[in-house]
Amino acid sequence: MGRVYVFDHPLIQHKLTYIRDVNTGTKDFRELTDEVAALMAFEITRDLPLEDVKVQTPIMETTSKVISGKKLGLVPILRAGLGMVDGILKLIPAAKVGHVGLYRDPETLKPVEYYVKLPADVEEREFIVIDPMLATGGSAVEAINSLKNRGVKNIKMMCLIAAPEGVSLLQEAHPDVDIYIAALDEKLNEKGYIIPGLGDAGDRLFGTK
């Protein structure tokens, strides 16, 4: 079963409060989301392997550490996931970025893939699927299906907030995927919105309704 990591770092929790606030406008919402994504990236990469290299300091040659050849890929779920990518790239500028686009079928209400573009060397990369919200979990499950169908083997899921229902569905569908979130909220309401949540992340990021 995939593990769930809730980041309780004070800086993350402080910024998340303002992300939730209905009075936070689009500009500040974008900046805060960007900042929290960077802070979460710091934690989500904690287990990257290291190797020793020789380096010449101004004083002498010494042995130091670098990341050991691990290639990373970021896959935001369109469109709200785009709001977290730049923050992560500030820390990991060499990561390649793919995209997964999904829409909800009006009859079945299930997510349907309409666009997928990934780096060519998918089997060599660890991928982080990114979406601010893990609500029902349907989009996350389908996005990860899209990656696995194209040969991706190593996947993590990164969200700002999640509902227990979405976490359970994702764990059931993809028990090999660990989930990284800034907050685990109470529940979904009858319309599928996370409670207390932060509203529609896409609309708040891009100023749409």
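**Exercise 1.** Leaving aside its neighbours within four places in sequence, which residues is Gly199 in contact with?

*Solution.* The model examined here is a predicted one. Once the neighbours within four places in sequence are left aside, Gly199 is in contact with Met133 and Tyr193. As for its setting, Gly199 is found in the loop between β13 and α6 (201-206), and its relative accessible area of 36% makes it partly exposed.

**Exercise 2.** Place Ile194 in the structure, and decide whether it is buried or exposed.

*Solution.* Begin with the record: in an unreviewed entry, UniProt lists Ile194, Gly199, Asp200 and Ala201 under "binding site", and the lining of the largest pocket includes Ile194, Gly199, Asp200 and Ala201. Next, Ile194 belongs to strand β13, which covers residues 194-195. Finally, Ile194 has a relative accessibility of 6%, and because buried means under 20%, Ile194 counts as buried. Beyond four places in sequence, its contacts include Met133, Ile161 and Asp185.

**Exercise 3.** Describe the salt bridge between Lys156 and Glu126, and the surroundings of each partner.

*Solution.* The closest N and O atoms of Lys156 and Glu126 are 3.4 Å apart. This pair links distant parts of the chain, since Lys156 lies in strand β10 (residues 154-162) and Glu126 in strand β8 (residues 125-130), 30 residues apart. Lys156, at 5% relative accessibility, is buried, and Glu126, at 7%, is buried as well.

**Exercise 4.** How many salt bridges does the structure hold, and which residues are linked in a network?

*Solution.* There are 15 salt bridges in the structure. A network of them links Lys71, Asp121, Glu124 and Arg125.

Technical notes
Residues numbered from 1 in each chain as written. Predicted model: local features only at pLDDT ≥ 70, side-chain atom pairs only at ≥ 80, totals over all residues. Heavy atoms only, no water. UniProt positions renumbered as here; feature names shortened; annotations may be inferred. 1 Å grid on protein atoms, 1.4 Å probe; cavity = no way out; pocket = protein on both sides within 12 Å on 5 of 7 lines; lining within 4 Å. Helix = DSSP H or I, 4+ residues; strand = E, 2+ residues; numbered from the N terminus. Buried < 20%, exposed > 50% of the residue type's maximum accessible area, 1.4 Å probe, protein only. Contact = heavy atoms within 4.5 Å. Salt bridge = Lys/Arg side-chain N within 4 Å of Asp/Glu carboxyl O.
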